[in-house]
Amino acid sequence: MIDVESIRRDFPILGREVYGKPLVYLDNAATTQKPQCVIDSISDAYRNVNANVHRGVHFLSLEATDMMEAAREKVRQFIGAGSKEEVIFTRGTTESMNLLASSFSRAFIKEGDEVIISGMEHHSNIVPWQLQAERYGFSLKVIPVTDRGELDMEAFSALISARTRLVSITHVSNVLGTVNPVSEIIRIAHSHGIPVAIDGAQGVPHITVNVQSLDADFYAFSGHKIYGPTGIGVLYGRKELLSKMPPYQGGGEMIKKVTFQGTTYNELPYKFEAGTPDYIGSIALAKALDYVSSIGMDIIADYEKSLCDYALERLAAIPGMRFIGSAPERSGVISFLVGDIHPSDMGTLLDRLGIAVRTGHHCAEPLMDRLGIPGTVRASFSFYNTKQEIDALSAGIERVKSMF
Ligand code: PLP
């Protein structure tokens with residue numbers, strides 16, 4: 001069981017008022033708030049151990065390096081990776097997907113090949129592939145999305161061809177909340193010898209993830225969506241594949257030896273971590289993972305599901321309410337439209353009542369085109385949200401409706 005009142009005390013920002021009203025923060029899919037222990041770990045690290053990592057022989061540098069590598073081990077355990085070499089620190093999911101698209105394409109994709117993505121991807125799992133497709137002459141195949149907001153699995157199987165080199169799919173849709181059947185997708189792709197990458201930006205914060213039981217080849221996520229700082233993220237990759245992929249960026253740290261005649265690259269994972277890494281971010285991310293682990297990911301998932309079910313029930317009672325996405329397997333996100341109220345009007349007016357939701361296309365424009373809408377209002381939940389906040393959202397929507 002979650003003691004939500006005690007949890008809320010761990011997050012100083014949740015005590016804030018906006019426009020003289022208590023903050024109701026329902027924009028957790030965009031970024032989550034930070035518990036005091038994460039905030040403290042950032043200032044403690046700057047106060048006590050700050051020094052550049054991996055290259056110093058002095059005490060502080062060695063200590064900072066140990067802490068960063070301990071953070072890598074923490075991430076490894078958290079996502080169930082087989083080894084630390086498979087955990088690459090990046091700036092976030094976007095950088096993880098760009099690294100993957102760039103290095104994987106260069107190593108494994110030729111003109112005329114195909115990469116499968118889906119119609120519910122965030123732009124960060126579309127555009128990096130388009131950039132590489134232009135460069136290498138491969139094409140993108142898109143799994144269609146059904147009216148309920150699920151992937152059309154028959155169409156997926158039909159898209160697989162002898163030229164398919166990778167399937168890259170979101171774990172959880174940031175618009176529809178749909179939890180995709182990633183195990184099934186991986187099983188099908190692997191039966192054709194095709195590796196699978198998962199965009200876990202909305203997965204890892206809400207669902208227990210074990211990349212080995214999933215049998216995922218790549219898995220990306222962002223620290224700031226799982227109560228850690230901004231500017232830090234992870235790309236997990238299977239060692240056999242990562243070791244065949246060229247570096248993404250060049251610079252310090254990713255090399256073994258540099259001469260003007262040529263350069264040899266460092267071992268994994270450093271080959272993919274050029275320049276001074278955000279070691280403070282890694283340390284604080286590890287603290288965030290400790291924090292959610294101390295609550296328990298399964299307990300978090302159960303609580304968030306109960307919040308989501310409650311919200312669906314409450315909001316469904318509002319006349320004119322139209323949910324966007326009705327997949328039975330869903331996680332912490334509800335998208336909706338009310339009557340013909342424009343989503344940005346709804347978002348702005350809710351804001352004046354102290355309620356923070358996201359509006360717009362949510363970086364998923366092709367999905368908006370598929371659904372034939374300009375955007376949605378999105379409420380997204382965390383384990384620190386309460387049923388009272390959902391009541392406030394429901395009352396807020398009714399109030400906005402009455403203004404139109
Ligand atoms: N993928 C999904 C499904 C997302 O929801 C997001 C962010 O909202 C991203 C990728 C990009 O994450 P970031 O901006 O942290 O790189």
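Here are three short exercises on the ligand and its pocket, each with a worked solution.

The model is predicted: local features need pLDDT of at least 70, side-chain atom pairs count only at pLDDT 80 or more, and totals for linings use all residues. Residues are numbered from 1 along each chain, and side-chain values use heavy atoms, without hydrogens and water.

**Exercise 1.** Find which residues surround the ligand, and sort them by class.

*Solution.* Start with the rule: a residue is near a molecule if one of its heavy atoms lies within 4 Å of it. Among the residues found are Thr93, His122, Ser222 and Lys225. Next, sort the shell: 1 nonpolar, 9 polar and 2 charged residues. Here Asp, Glu, Lys and Arg count as charged, Ala, Val, Leu, Ile, Met, Phe, Trp, Tyr, Cys and Pro as nonpolar, and the others, Gly among them, as polar.

**Exercise 2.** Look for polar contacts (pairs of N or O atoms within 3.5 Å) between side chains and the ligand.

*Solution.* Take the ligand's nitrogen: a polar side-chain atom of aspartate 199 lies 2.5 Å from a nitrogen atom of the ligand. Then try oxygen: threonine 94 has a side-chain N or O atom 2.6 Å from a ligand oxygen, and for glutamine 202 a polar side-chain atom is 2.7 Å from an oxygen of the ligand.

**Exercise 3.** What are the classes of the residues in the lining of the largest pocket?

*Solution.* Count by class, and you get 6 nonpolar, 16 polar and 6 charged residues. A pocket is an open set of points on a 1 Å grid over the protein atoms alone, where a 1.4 Å probe fits, with protein on both sides within 12 Å along at least five of seven lines; lining residues have an atom within 4 Å of a point.

Notes. A polar contact is a pair of N or O atoms within 3.5 Å; within protein, one must be able to donate a hydrogen and the other to accept it, and residues adjacent in sequence count only if both atoms are side-chain atoms.
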